[in-house]
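Thanks for asking for a second pair of eyes. Here is a friendly tour in numbered points, which you can follow with the model open beside you.

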Amino acid sequence: MLMKTLVDILEANHRLDNDQLAALLTTNDHQVVGYLCRRARAVAQEQYGTGIYLRGLIELSNVCRNDCLYCGIRRSNRHVDRYTLTPEQVMGCCEQGYQLGFRTFVLQGGEWGDERAQWVADIVSDMRRRWSDCAITLSLGEHSREVYALWRQCGADRYLLRHETHNAAHYARLHPAEMSLAQRLQCLDWLKELGYQVGTGIMVGSPGQTIAHLVEDVQFIGQFRPHMVGLGPFIAQHDTPLGDQPNGTVDMTTRLYSIIRLMLPTALIPSTTALATLSPQGRLQGILAGANVVMPNLSPADQRANYALYDGKASAGAEAAEGLRQLEAQLHTIGYHIDWSRGDHNSSAFAPH
Ligand code: SAH
């Protein structure tokens, strides 16, 4: 079968079998990769036009109980200056973000025990009261169903929790023994049941990842049908056990954006900071491959360096909330613009098969 035909099948049926996906992920034929990218871009534009949604990222805390082998803020990294923003600082970030035009705030951070759930709940409630027209997204790792329910009741709308890899053995290679793929998937199910718009995703090129793993990931995403799909290249962080491993690539990351766009036409897909960190053109390449969201950093400037998930993490220029004009100018060069709305998932547009 012609490789280009696979792209057409994927666009028409929103699925491919494992061998077909593997073929698209591995082909060296630039024409096919270019075609995949163009079809994904066309589908993204049919769904969302040439507007790119903004999410203001607030890095709440780099304190973490987990010890994920890839992550710079893992518990056993002694070289991290640990911080937690005060509720006042969080509100200050939101205030600044709101003035700049943001209508979605993402609170991301290391994972804490459930004993601090109420502290987060109070912040979410306060945000909900003060910015009633904004979406509130949380990205705070694994918790009990009760904690997710509490945060939802307080007004959180969305939750980002990447599954990282859908292969249990690979998951075990990236995480400490006390973490498991099964628990992560359980959390994702709870979040969906509780009515969150849910985001999942992976690091592309994480150590030990094979094409077969990526195929499993894509199939899982197709079945789980998350509202949001976060995909960024793995980037080594020098103080972690995986610090000497090679980074993921722009090519594989953008190929996955395109494949996911054709599988889930309405998905909200950020062109991630990790992709922008890997290459100066990464942000725009991601958008041209079918991404439709960017997440500029709204964290207090003096803490950004301490939220170093990986080496060289971009947090200035078009990555920063202050750099919105620069971002807008970059988007214009490829015929896109910022869409200032809340940017909810276009769920009515795409009925599942
Ligand atoms: N603690 C929360 C959120 C913070 S980490 C959680 O675990 O969900 C957010 C994402 O950053 C992770 O899901 C992971 O995919 C990504 N990340 C962490 N370390 C990374 C690295 N070295 N390279 C690229 N992405 C990384």
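1. A polar contact here is a pair of N or O atoms within 3.5 Å; within protein, one must be able to donate a hydrogen and the other to accept it, and residues adjacent in sequence count only if both atoms are side-chain atoms. With that in mind, start at the ligand: one of its oxygen atoms is 2.5 Å from an N or O atom in the side chain of E164. The protein covers 92% of the 540 Å² of accessible area that the ligand has on its own (areas come from the Shrake-Rupley method with a 1.4 Å probe, and for residues only the protein chains shown count as cover).

2. Before going further, please keep in mind that this is a predicted model, in which local features need pLDDT of at least 70 and side-chain atom pairs count only at pLDDT 80 or more, while totals for chains, interfaces and linings use all residues. Residues are numbered from 1 along each chain as its sequence is written, and side-chain values use heavy atoms, with hydrogens and water left out.

3. Which residues are closest to the ligand? They are Y70, G109, R162, E164 and I235, out of 16 that surround the ligand (a residue is near a molecule if one of its heavy atoms lies within 4 Å of it). Two backbones take part in polar contacts: a ligand nitrogen is 3.0 Å from a polar backbone atom of Y70, and a ligand nitrogen is 2.9 Å from a polar backbone atom of G109.

4. By class, the shell around the ligand holds 10 nonpolar, four polar and two charged residues. The classes are these: Ala, Val, Leu, Ile, Met, Phe, Trp, Tyr, Cys and Pro are nonpolar, Asp, Glu, Lys and Arg are charged, and the others, Gly among them, are polar.

5. Take another look at E164, in the loop between β5 (158-160) and α7 (168-174). Helices (H or I, at least four residues) and strands (E, at least two) are DSSP runs, numbered from the N terminus. Phi of E164 is near 75 degrees, a positive value in a residue other than glycine. Is E164 buried or exposed? At 9% relative accessibility E164 is buried, where buried means under 20% relative accessible area, exposed over 50%, and partly exposed in between (1.4 Å probe, protein chains only).

6. E164 also appears beside R184, a residue of helix α8 (residues 181-193). R184 is buried, with a relative accessible area of 5%. Leaving aside neighbours within four places in sequence, R184 is in contact (heavy atoms within 4.5 Å) with E142, L161, R162, H163, E164, Y171 and M179.

7. Helix α2 (residues 18-26) is a nice one to rotate on screen. Its buried residues are Q20, L21, L24 and L25. They lie on the same side of α2 because they cover an arc of only 135 degrees around the axis, taken from the directions from the helix axis to the C-beta atoms. An α-helix has 3.6 residues a turn, so residues three or four places apart point the same way. The cover over the buried residues of α2 includes α1 (3-13), α3 (30-48), α9 (211-224) and α10 (250-263).

8. Just before that helix, H14 sits in the loop between α1 and α2. H14 has a positive phi of about 60 degrees although it is not a glycine, and H14 is buried at 16% relative accessible area.

9. W112 is in the loop between β3 (104-109) and α5 (117-130), where W112 is buried, with a relative accessible area of 10%. A polar atom of the W112 side chain lies 3.1 Å from the backbone oxygen of V63. Beyond four places in sequence, the contacts of W112 include V63, W119 and H143. The C-alpha atoms of W112 and H143 are separated by 8.6 Å, and the two residues are 31 residues apart along the chain.

10. Two prolines are worth a visit. P296, in the loop between β8 (293-294) and α13 (324-333), is buried with a relative accessible area of 1%; its contacts beyond four places in sequence include L54, F102 and L327. P270 lies in the loop between α10 and α11 (273-278) and is buried at 11%. Its C-alpha atom and that of L54 are separated by 9.1 Å, with their positions 216 residues apart along the chain.
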